[in-house]
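Load the model in your viewer and keep a selection box handy. We'll go stop by stop, picking residues and looking at what sits around them.

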Amino acid sequence: MAVAVVSVWADGAQGNDKRLWALIAGVCAFGVVLITHLERRLVEKGRARAELRAAEAEAHLTQAYSTALQPLSDRVRQLTTLYGSVARLPASTPAQTVSDIERERRQILDAVLFAAVTLTAPPVGPTFVPRARCSFYLYDAATGDFTLEGTQPGHRTPRSVIDPVGAAHMRNEILGGGGKTFRIDGKNEPHSYLIPVGTGYKAVIAVPVIHGTEKVGILSVDAPEYSDFTGAHVTLMESLANILAASYALK
């Protein structure tokens with residue numbers, strides 16, 4: 001604003017015209033400053049509203065998962081576990097029936113992996129490639145090893161077999177003690193053996209898949225940034241793990 005007024009005074013003109021043009025220049029400059037300030041305030045208010053709406057949406061999502069999806073998936077797991085404990089398939093089950101069950105279980109696994117990727121870290125433009133990566137590691141109680149049973153996309157394929165140190169971490173801290181969800185959020189937990197350095201992923205939610213007393217494996221979803229995951233995503237992954245556990249209860 002000061003530059004506009006000074007430029008008018010410095011042009012060599014005299015009299016009332018000069019004062020008028022100086023006034024006009026000052027008013028115009030002041031208007032520009034005022035508009036810029038108002039635009040900045042509108043942007044800040046818009047950002048604040050967006051953050052508020054995002055927080056409200058997350059709260060609603062968390063409530064929906066906690067009050068609807070998680071209890072439902074837990075009851076499905078309990079029901080199938082109960083059924084499986086008293087009505088296991090006989091040793092003489094036809095091979096075709098066993099194959100059909102395995103195919104259905106595979107389809108459930110694929111659906112769980114897809115849901116985890118789709119409902120957690122959202123894709124962003126311009127490519128809209130999925131940013132999350134979800135994997136299921138099947139646990140072998142006889143050897144204590146974990147083997148990759150299935151994965152949904154990501155820019156890097158996860159390890160097919162977990163190394164001994166990582167396997168001990170998964171066995172003791174996630175499957176041990178009846179199962180406990182493990183999350184890497186950059187605050188309480190900054191690092192995990194599940195994601196080696198340099199893979200391009202930081203955030204992790206790893207959930208035990210257990211039915212009854214049988215430890216089936218671990219369902220793990222990864223994302224590039226810690227902020228990609230919220231508390232609602234933890235509940236979502238636990239619900240998906242319940243559904244996956246239910247499919248393994250029927251043998």
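Helices (H or I, at least four residues) and strands (E, at least two) are taken as DSSP runs and numbered from the N terminus. The model is predicted, so local features need pLDDT of at least 70 and side-chain atom pairs count only at pLDDT 80 or more, while totals for chains, interfaces and linings use all residues. Residue numbers start from 1 along each chain as its sequence is written, and side-chain values use heavy atoms, with hydrogens and water left out.

**Stop 1: helix H4**

Select residues 164-175, which make up H4. Which of its residues are buried? They are Gly 166, Ala 167, His 169, Met 170, Ile 174 and Leu 175. Here buried means under 20% relative accessible area, exposed means over 50%, and partly exposed is in between (1.4 Å probe, protein chains only). Now look down the axis of H4: the buried residues fall within an arc of 155°, so they line one face of the helix. That arc is taken over the directions from the helix axis to the C-beta atoms. On the face turned away from the buried side, pick out Pro 164 and Asn 172, which are exposed.

Next, show what covers the buried residues of H4: E1, E2, strand E3 (182-184), E4 and E5 are among the elements there. Contact, for this purpose, means heavy atoms within 4.5 Å.

Then check both ends of the helix. At the N-terminal end, Asp 163 acts as the cap, with a side-chain oxygen 3.1 Å from the backbone nitrogen of Val 165. The polar contact rule behind this asks for a pair of N or O atoms within 3.5 Å; within protein, one must be able to donate a hydrogen and the other to accept it, and residues adjacent in sequence count only if both atoms are side-chain atoms. Just after H4, click on Gly 177, where phi is positive at about 65°.

**Stop 2: the E1-E2 hairpin**

Select strand E2, residues 145-152, together with E1. The two strands run antiparallel and are joined by seven bridges; strands pair if DSSP finds at least two bridges between them. One bridge to find is the one between Asp 140 and its partner in E2, Asp 145. The hairpin has four residues between the strands, and Gly 144 has a positive phi near 80°.

Stay on E1 and pick Arg 133, which lies in this strand. Is Arg 133 buried or exposed? Its relative accessibility is 5%, so it counts as buried. Put a distance label on its C-alpha and that of Pro 158: the two are 25 residues apart along the chain and separated by 8.6 Å.

**Stop 3: the nonpolar cores**

A nonpolar core is a set of buried Ala, Val, Leu, Ile, Met, Phe, Trp, Tyr and Cys residues joined through side-chain atoms within 4.5 Å. The largest one has 29 residues, and Cys 134, Phe 136, Val 209, Leu 219, Met 237 and Leu 240 touch the most other members. Colour the elements that give it two or more residues: helix H3 (95-119), strand E1 (133-140), strand E4 (203-211), strand E5 (214-223) and helix H5 (231-249). H5 gives the most, with nine residues.

Zoom in on Cys 134. Leaving out residues up to four places away in sequence, its contacts include Leu 113, Gly 150, Pro 153, Val 221 and Met 237. There's also a second, separate core of 14 residues; select Tyr 137, Ile 162, Ile 184 and Val 204 to see some of its members.

**Stop 4: salt bridges**

The rule is a side-chain nitrogen of Lys or Arg within 4 Å of a carboxyl oxygen of Asp or Glu, and the count comes to eight. Three to visit:

- Glu 102 and Arg 105 meet at 2.8 Å, N to O. They are three residues apart in helix H3, about one helical turn. Glu 102 is partly exposed at 43%, whereas Arg 105 is buried at 7%.
- Asp 228 and Arg 131 have their closest N and O atoms 2.7 Å apart. Asp 228 is in the loop between E5 and H5 and Arg 131 in the loop between H3 and E1, so the pair ties together parts 97 residues apart in sequence.
- Lys 202 and Glu 225 have their closest N and O atoms 3.5 Å apart. Lys 202 is partly exposed at 40%, and Glu 225 is partly exposed at 34%.
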